[in-house]
Amino acid sequence: MSSLQWIDAKSVDEAATLLSADDSGTTIAKAGGIDLLDLIKEGIVAPARIVNLQRIDALRGVQFDDAKGLRLGSLTTLAEIASNAAIRQRYPALAAAAAHAATPQVRNAATIGGNLLQRPRCWYFRNEFFHAARAEGGREQSQYGAIFDNAKTTMMHASTPATALLAYDASVHVAGKAGRSRTIALGDFLLPPDFDRDRDTTLGRDEVVTHISVPPLKAGTRAAYHKQTERDSYDWPICDVAVVLTLTNRKVEAARIVAGAVAPVPRRMTASEDLLRSREIDEGVAAEAARAAVRGATPTDKNSYKVPVLETVIRRTISAAMT
Amino acid sequence: MSASDERHSRTVLTGIVGDTLQPIARNIPVGEPPELPPNSELRVIGKRVNRVDAVPKVTGEARYTFDVQLPGMLYARIASSTVPHARIKSIDTSAAEAYPGVKAVHILDRVLSIAQLRDPSVEANERFPLVRYNGQPIAAVAATSMRAAKAAAKLVRIEYERLPHVTTLEGAMADDAPVVFPGPTEQAATAGGGGAPPNLPQKGNLRGPARGGLGGGGRGDVQQGFAQADYIVERDYRTQVQTHTPMETHGLVADWRDEELTLYASTQFTLSVRDEAADVFKLPKEKIRVISEYTGGGFGAKFGIGNYGALAIHLSRKARAPVRLMLDRREEHVSVGNRPSSLQRLKLGARRDGTVTALQVESFGTGGVAAGAGVGFAHTAMYAIPNLSVEHYDVFTDAGPCAAFRAPGQVQGIFALEQALDELAHELGMDPLAVREKIDTNDTDDARARKVERRIGAERARWSQRRPTGADQGPVKRGIGVAQSQWAYIVHGTTTCEVRIRGDGSVVALTGAQDIGTGTRTVMAQTVAEELGLRADDVDTRIGDSRYPAGPASGGSRVTSSITPAARNAAYLAARDLAARVAQSLGASTEDIIFQDGRVFARGRPERGMTFVEAVKTANFDEIVHRADRREDYDGYRAKLGDLHISRHGIGGVQFAQIAVDTETGVVKVERIVAVHDCGRPINPKLIESQIYGGVIQGVSYALYEERHLDPGTGVQLNANIDQYKIVGSRETPAIEVHLIEQLGRQSSTDARGVAEPANVATAAAIANAFYNATGKRIFTLPMTPANVLAALRAEDQPEDRS
Amino acid sequence: MMELSLTVNGRRCTVHVDPATTLVEVLRDELGLTGTKIGCDRGACSACTVWLDGEVVASCMTFALDARDKQVTTIEGLAQGEQLHPVQQAFVEHDAMQCGFCTPGMVMSCAHLAERNPDCTLDDVRGAVSGHLCRCGAYPNIFKATLAAAAAMRQRKGGNT
């Protein structure tokens with residue numbers, strides 16, 4: 001007796017067809033399998049059927065072109081992103097984010113597609129008990145929860161590469177049956193985590209992520225990434241920050257500053273971005289921008305310490321991008 | 001060898017080698033081998049010998065309980081409570097029993113390893129044991145596969161009548177708090193030093209006061225003492241609940257047969273497994289065999305059979321098949337032990353010259369549904385403090401039970417005490433080491449050791465060049481701090497070793513003791529090899545089997561102190577026996593036969609000797625077998641609690657920590673620890689260093705990261721895993737410099753003492769004192785997470801520094 | 001049940017598994033290779049580390065079916081007969097273990113690093129075992145052992161050229 005059925009999809013179309021054939025939500029697509037296995041082991045999902053994407057060659061490969069930018073097949077592993085020479089050179093914030101995610105073992109298996117689709121790491125979410133006994137309520141928020149946009153939930157999207165990808169203005173490409181495909185800006189793709197949904201993205205049930213694209217870089221682009229953890233060995237972030245600046249004559253022409261693990265989804269720190277525009281960055285300006293970023297934070301008693309930590313990390317990451 | 005009370009006086013050199021070695025007369029039991037010279041004159045003892053079971057560990061051949069696979073073996077899973085406090089109305093196991101592959105289901109009728117009602121009749125009418133924490137084991141299922149056992153365990157239907165619950169220390173201390181136990185309780189001691197003092201008053205959830213641990217207590221008149229003080233430091237300190245998290249979870253393979261019950265156990269004490277199984281199942285001890293080849297860590301929590309073991313045995317009996325029940329990581333965190341929390345109120349008074357006049361300690365700690373949350377014995381036993389009052393209260397909560405954890409109580413107690421002394425030193429404008437010099441003056445070996453250790457450590461840590469408090473201007477502030485350690489020197493009363501010399505010249509040494517990673521096999525092999533003039537590798541050590549001679553518990557830092565004298569005594573008898581058989585052919589008297597470097601020869605004539613194997617062949621026997629006991633310490637003990645014999649001497653240790661505090665992110669990094677330690681005669685410096693590394697690293701982990709988080713609404717542990725229950729990893733491991741001293745106490749035939757616990761005691765306090773040197777702020781709350789650090793840095797109520 | 005063929009320590013094996021089975025379950029329960037341990041069963045302690053086509057993976061977080069037609073190396077396959085791998089030998093000499101339960105996984109990660117990069121630094125070693133938990137705290141000796149083994153392998157390599 002098998003606990004579930006396993007199907008090796010040969011093509012995106014086959015995968016999408018298999019996924020669309022099921023409206024009960026018990027067919028789940030699998031890439032690296034890390035998050036899926038975790039959710040199965042925690043008793044949070046119980047798929048009747050796994051559609052294995054690993055044998056679809058169209059989902060593989062990293063391509064870089066100065067004019068077209070970066071294309072990451074959805075099966076690209078975090079280890080591949082972290083070690084890819086072009087990414088390290090051109091998109092260092094992305095390489096750093098991938099290098100600091102999870103463990104070496106997990107990075108060798110975890111794919112960028114799966115990473116973006118992973119469920120939150122919230123203590124409550126990752127515990128079968130709170131799925132079975134939802135009515136009990138009374139959930140006290142942890143010291144790690146969201147400090148922005150947290151009226152509905154303090155759960156946060158768990159992907160740290162997403163922080164860097166959003167700063168680089170990446171898009172997610174998805175495909176369904178019969179060659180239908182969509183391109184979704186990453187900021188529109190990620191949704192605030194929700195116990196009542198089976199996913200935290202706008203991916204359709206009959207769709208798979210085919211690749212992620214990152215636009216080409218303008219001349220004068222500088223970037224930095226920092227994941228602030230309690231431990232360096234292997235840890236989830238208190239916050240992570242990616243800064244992508246485009247400078248012209250030493251003045252900021254464009255800035256994208258994104259913070260992860262501070263809001264339900266990675267958050268553009270637009271107040272900082274606005275403040276930097278057209279200015280020359282020195283330590284004082286970086287500090288001003290960081291201060292502006294945390295204005296309006298709505299922490300709880302337990303996680304108010306995250307506000308000064310975030311401010312510090314934004315300031316330091318802006319400075320790091322300049323060096 | 002029968003123990004004899006007869007003694008004779010010998011003059012022996014005692015003290016610290018290279019420092020204070022002096023002749024002293026000791027009354028030594030007749031039959032004890034002659035005292036050993038310092039390690040520099042020995043061949044195997046005191047040498048950096050490789051762990052004798054290292055090869056099976058690096059090749060994966062070492063067989064842990066988790067690896068035991070028996071023909072027809074079943075896999076078991078536990079069904080646990082999903083509520084924090086309730087009466088069980090009904091349990092329906094029919095669906096679980098009907099699940100394909102299920103061979104047996106058992107419902108627990110008695111919960112082990114938690115506090116027990118003094119008067120059990122209070123709950124005698126309950127059909128099932130009351131649920132007192134979320135995750136309490138209730139029943140278990142054995143099936144032909146792990147998958148089937150897991151699925152079936154979920155089908156056990158339990159109907160609850162909920163009762164109000166409380167999970168926090170403060171909540172449980174409130175007047176109107178839900179009461180965890182309806183009457184006074186007792187908590188029996190485990191061989192690991194767990195348990196709580198008996199017959200204490202209990203009101204609501206508060207059990208106590210206990211007045212000092214390990215036979216200690218108050219003295220003098222504290223009010224008078226404070227009246228004599230020029231300065232008084234009064235502070236609250238808080239420590240968190242820490243879970244043991246051994247890499248191999250608790251577990252047992254039970255094989256119930258009519259003729260014998262065989263238990264493969266991941267345990268710190270084979271005989272505690274046997275004895276608890278005999279007690280619970282009303283079996284004669286001889287019908288139970290316990291095997292523990294390798295144990296994947298324990299740290300104090302692996303004693304007895306536990307509820308998981310009881311379930312495995314019941315299931316094996318019902319299914320008539322061997323059953324393996326290993327806990328999963330969640331169950332490990334939740335249900336089989338933790339270091340209890342503490343809230344400690346210390347008041348410390350001193351004169352201007354650093355003389356401490358009085359110490360008052362009031363502490364509260366929660367070990368969940370178990371008692372034993374005291375804060376150790378350092379207040380009583382470490383310093384010369386004339387007026388002392390210690391009052392400890394256990395606070396019951398609806399949370400998993402505490403258990404002994406590497407220096408139980410002492411780690412929490414010293415975190416507060418050594419920080420209070422540091423604060424006092426700064427208040428008085430004195431060097432913290434000078435204050436210790438003033439008060440660390442007891443007539444004990446640990447006080448004598450610490451005196452030397454302070455000096456060595458101060459040099460290595462460049463203490464005299466330390467910078468003033470809060471010297472760094474930038475956001476990252478560095479500092480160093482010092483704290484002292486103390487643990488009891490403990491001997492396991494019933495310890496026997498057997499040494500066999502076989503006709504082919506091979507040598508076997510046996511003890512029932514297990515190895516949880518400390519090196520039981522290796523220290524035993526070295527001791528026997530030294531006596532027989534062999535290498536450690538020449539000695540085949542057999543351990544971890546209750547059929548072997550009774551060995552010590554791996555708890556309380558007592559394996560080496562207990563097993564090496566027994567091993568030496570047995571090897572000594574075997575050597576003398578062999579000497580007598582070959583003396584004639586070597587043309588010498590028995591007393592003049594020497595065993596050295598694999599050879600046997602007459603004193604003064606090494607060239608005319610023979611190899612050890614030749615000597616055995618010359619003697620021509622099938623096998624020589626000698627057993628010997630660990631004799632009582634030559635000066636006796638301060639206290640005997642069953643087999644736990646406690647010397648009036650302790651084990652010392654001094655640690656210096658250098659840390660960096662990022663005052664903007666609140667992240668603390670421990671950069672370097674200088675750890676200066678004593679353990680009597682070091683038997684194997686390589687293994688001792690390993691243990692000290694481990695103690696320091698666990699201390700860093702406790703100080704900075706570890707904390708059990710419970711959901712107050714449900715009592716569920718929220719971080720019962722490895723990624724969110726945070727422990728030191730490779731990148732948080734500081735540079736650790738270990739310095740060992742050799743102290744010959746002359747209380748046993750090897751002078752060996754333990755080191756596992758003393759290595760873990762002082763670290764958190766040293767880090768806290770370094771935090772003050774770095775930032776000028778005290779941190780009174782553990783762990784030093786960014787949340788707690790940033791709060792401490794913002795705090796207004798902070799000491800004034802006069803130094 | 002599905003058929004799974006893979007090569008383990010150079011030997012071709014075929015087993016039938018439930019698709020939900022993980023690689024470590026196949027190794028331990030089907031093939032009797034119990035050297036590979038499970039510490040957390042969630043990829044957070046790396047006690048289950050094996051090499052999959054030459055790369056370190058957490059075998060507790062690897063679907064067994066993802067190892068189809070791949071080369072798996074476990075701790076049992078690291079030594080050449082009686083000859084320990086240099087990292088194993090160095091672990092013995094530097095006492096890079098206590099209870100030993102995390103040791104097989106540690107050895108697999110450190111041997112992978114030393115083979116891939118015999119010039120590795122202390123930071124590289126820390127990085128290579130950054131996903132491993134050793135609760136006994138053997139890290140300082142694990143670092144020393146791996147650096148010593150790498151140096152020995154470097155020398156051996158140098159000697160051959």
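Two strands pair if DSSP finds at least two bridges between them. The exercises below apply this criterion, among others, to a predicted model.

**Exercise 1.** Determine which strands of chain B are joined to strand E33(B) by bridges, and in which sense they run.

*Solution.*
1. Strand E22 of chain B, residues 476–484, forms nine bridges with E33(B), and the sense is antiparallel.
2. A position within this pairing can be named: B:Arg478 stands opposite B:Ala660 of E33(B).
3. Strand E34 of chain B, residues 668–678, is joined to E33(B) by eight bridges, again in an antiparallel arrangement.
4. Here B:Ala657 has B:Ile673 in E34(B) as its bridge partner.
5. Both counts satisfy the requirement of at least two bridges, so E22(B) and E34(B) each pair with E33(B).

**Exercise 2.** Describe the link between E33(B) and E34(B), and state how far E33(B) is covered.

*Solution.*
1. The two strands form a hairpin with five residues between them.
2. In this hairpin, B:Gly666 adopts a positive phi near 75°.
3. E33(B) spans residues 654–662, and seven of its nine residues are buried, so the strand is mostly covered; a buried residue has 20 or more other C-beta atoms within 10 Å of its own.

**Exercise 3.** Characterise the side of chain C that touches chain B.

*Solution.*
1. Contacts involve 41 residues of chain C and 42 residues of chain B.
2. Helices H2 (86–93), H3 (103–116) and H5 (139–160) of chain C each contribute at least two residues to this side.
3. H2(C) gives the most, namely four residues.
4. Sorted by class, this side of chain C holds 21 nonpolar, 11 polar and nine charged residues.

Note on methods
Residues numbered from 1 in each chain as written. Chains lettered and ligands numbered in written order. Predicted model: local features only at pLDDT ≥ 70, side-chain atom pairs only at ≥ 80, totals over all residues. Contact = placed C-beta atoms within 7 Å. Nonpolar A, V, L, I, M, F, W, Y, C, P; charged D, E, K, R; others polar. Buried ≥ 20, exposed ≤ 12 C-beta atoms within 10 Å, placed from the backbone.
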